[in-house]
Amino acid sequence: MVFNFYSSNKTAFMTLCRLIDRSPLSNGLHLSIVLTFILFLHGCAAVNEVLVKLPLPGHLEENIETNDFFVFKEDDVIGRLAVIRLERGDTLPDIARHFSLGINAVTAANPGMDIWVPEAGERILLPLSFILPDALRKGIVINLAAMRLFHFKGDGQLLAVSTYPVGVGTEERPTPMGQMHVRRKKLKPTWYVPASIAEDHRKRGDPLPAKVPPGPLNPLGEHALYLSESGYLVHGTNKPASIGLRATNGCIRLYPEDIKRLFENTPVNTPVNIVNQPYLVGQRNGMVYMEVHTPFEESGAAELEKAYAKLRNIEKKSGGALDWKKIEEAVAEARGFPVPILEISDGSGNDLAKTIELKHPEKLNGKPEIPDLDSEGWYVLAAVYGDKVDALRLAAIINHQGPQIPARVLSKSDRHRVLAGPFDNMSEAEDAEKRLKIDLELDGILVEPVNAN
């Protein structure tokens, strides 16, 4: 069996996106197709001008702050940009998770790069600089367009802010906006399956129980903040590769390590403000920046006009001339990180705006591990390819299902087999076979142990 996962037809991609199941327990197809679609669009995008100057190869920094910053009340920009060189076996979801970025941020900042099998040695931009949402800096503020959460502490001239990437609701089941608060917190929550999700699964021949207890199959992860808006949570996930996607039923989803920190540092009654701001304008150290994200269908024109009005006001007050060509390029490219567009005063510490080069981590946190081959284990043959890169791509996608299904590529001559496993027994292998069918529409073949009778 040869499984041709990628189509070259844009209409086919769009049709597949419309057919995706959105449930939290089984959105693997959503993940794989949407990421493929992102790659398809970015690969065809024309980048007129690189809006950030990459550093020349030289001294490599060991670390960079990814989550915790301080910001003066008069400033709007935190963090800094960085680059690293990819190594063999890296995937963009693994890079994103290690640096607490969503996959949306990494793919937007690096258009045209293969998500699952990027070329070793290629330099990748890490968009670890952010313009704060235009909202009261108190409690939690979530910007849906940026798929980013900001947690503010303090009320003086210098504020502490922690920031994390999130997954948000789909177009069909969007995350609600507005003012809320944390109503209660729960460690190791039970997921009570909503009737609409249960019905979706029933129609697909994948019935769900009325409730899912804590454990690896629970889509809420191990930490949950229940919001005052009934039915909506900020929670963890067993599908970390979905962070940075519109992939939930309306809840806010974080990496397991990020929700743990947020959970520990967020008391009950903390205010939560959810906004949708694809066009952000901010200042730091005498420089005006603009950050653009691809807007949701319903939020484009009005939000862009608000940003333009803010820019015109800054231009009028400063007496300087904005670089409107660069602004238009930033809007067209939507790279998702702050772009300098006007220097209004001689700032101090402008070195913070410079991009730094990082040493590649020895180990990427959260990267799926693949067990060694076991002659006594069960396996599922997921697909056979004539092209090794296609096989590696599918194996990476399978490895990033949630919970993980370990997969590898076994090559012989021009045949490249994608093999999932090992599993301890036939029952586990059959469960994996079923998930591959439901999540990725793969017709796998059970492979019994070498020494089976």
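Helices and strands are here runs assigned by DSSP, numbered from the N terminus, and in this predicted model that numbering places Pro406 in the loop between helix H9 (388-399) and S23. The protein chain as a whole contains ten helices and 25 strands. Of its 453 residues, 54% count as buried. Among contacts between residues at least 6 apart in sequence, 73% join residues at least 24 apart.

The loop that holds Pro406 also holds Pro403. Pro406 is buried, because its relative accessible area is 10% and the limit for burial is under 20%. Its surroundings include residues from elsewhere in the sequence: Ile370 is 36 residues away along the chain, yet the two C-alpha atoms are 5.4 Å apart in space. When neighbours within four places in sequence are set aside, the residues in contact with Pro406 are Ile370, Pro371, Asn399, Leu419, Ala420, Gly421 and Phe423. Pro403, in the loop between H9 and S23, follows a cis peptide bond from Gly402, with omega near -15 degrees.

Beyond this loop, strand S23 (residues 407-412) runs antiparallel to strand S24 (residues 415-423), and six bridges join the two. Within this pairing, Arg408 has Leu419 of S24 as its bridge partner; Leu419 is also one of the residues in contact with Pro406. Two residues lie between the strands of this hairpin, and Ser413 takes a positive phi near 55 degrees there. A further cis peptide bond, with omega near 10 degrees, leads from Gly421 to Pro422, and Pro422 lies in strand S24.

Strand S24 contributes in addition to the second largest pocket, for which S24 and helix H10 (426-440) each supply at least two lining residues. This pocket holds about 680 Å³ of space, and among the 26 residues that line it the closest to its centre are Leu217, Pro403, Asp431, Ala432 and Arg435. Helix H10 provides the largest share of the lining, with seven residues. By class, the lining of this pocket comprises twelve nonpolar, five polar and nine charged residues.

An open sheet of nine strands with mixed pairing follows the order S1-S8-S7-S6-S17-S10-S13-S14-S16. Its edges are formed by strand S1 (68-72) and strand S16 (252-253), each of which pairs on one side only. S1 and S8 pair in the antiparallel sense over five bridges, and within S8 it is Ser162 that stands opposite Asp68.

Several strands of this sheet also take part in covering helix H6 (residues 256-264), in which Asp258, Ile259, Leu262 and Phe263 are buried. These four residues lie on the same side of H6, because the arc that they cover around the axis is only 130 degrees. An α-helix has 3.6 residues a turn, so residues three or four places apart point the same way. The cover over the buried residues of H6 includes strand S6 (139-143), strand S7 (148-153), strand S8 (158-165), strand S10 (178-187), strand S13 (223-227) and strand S14 (233-235).

The loop between S6 and S7 is the place of Met147, a residue that has a positive phi of about 50 degrees although it is not a glycine. Most residues other than glycine have a negative phi, and most peptide bonds are trans. Met147 counts as buried, because its relative accessibility is 9%. A positive phi of about 50 degrees is also found at Asn285, again not a glycine, in the loop between strand S18 (279-284) and strand S19 (287-292). Asn285, by contrast, counts as partly exposed, at 21% relative accessibility.

Met147 further belongs to the lining of the largest cavity, together with Gly102, Asn104, Ala105, Pro127, Phe130, Ala146, Arg148, Glu291, His293 and Gly336. The model contains three cavities of 30 Å³ or more, and about 80 Å³ of space lies in the largest cavity. The lining of this largest cavity is made up of five nonpolar, four polar and two charged residues.

Definitions and conventions. Residues numbered from 1 in each chain as written. Predicted model: local features only at pLDDT ≥ 70, side-chain atom pairs only at ≥ 80, totals over all residues. Heavy atoms only, no water. Pairing = 2+ DSSP bridges. 1 Å grid on protein atoms, 1.4 Å probe; cavity = no way out; pocket = protein on both sides within 12 Å on 5 of 7 lines; lining within 4 Å. Points joined across faces, edges and corners; volume = space filled by probe spheres on them. Nonpolar A, V, L, I, M, F, W, Y, C, P; charged D, E, K, R; others polar. Buried < 20%, exposed > 50% of the residue type's maximum accessible area, 1.4 Å probe, protein only. Arc of directions from axis to C-beta. Contact = heavy atoms within 4.5 Å.
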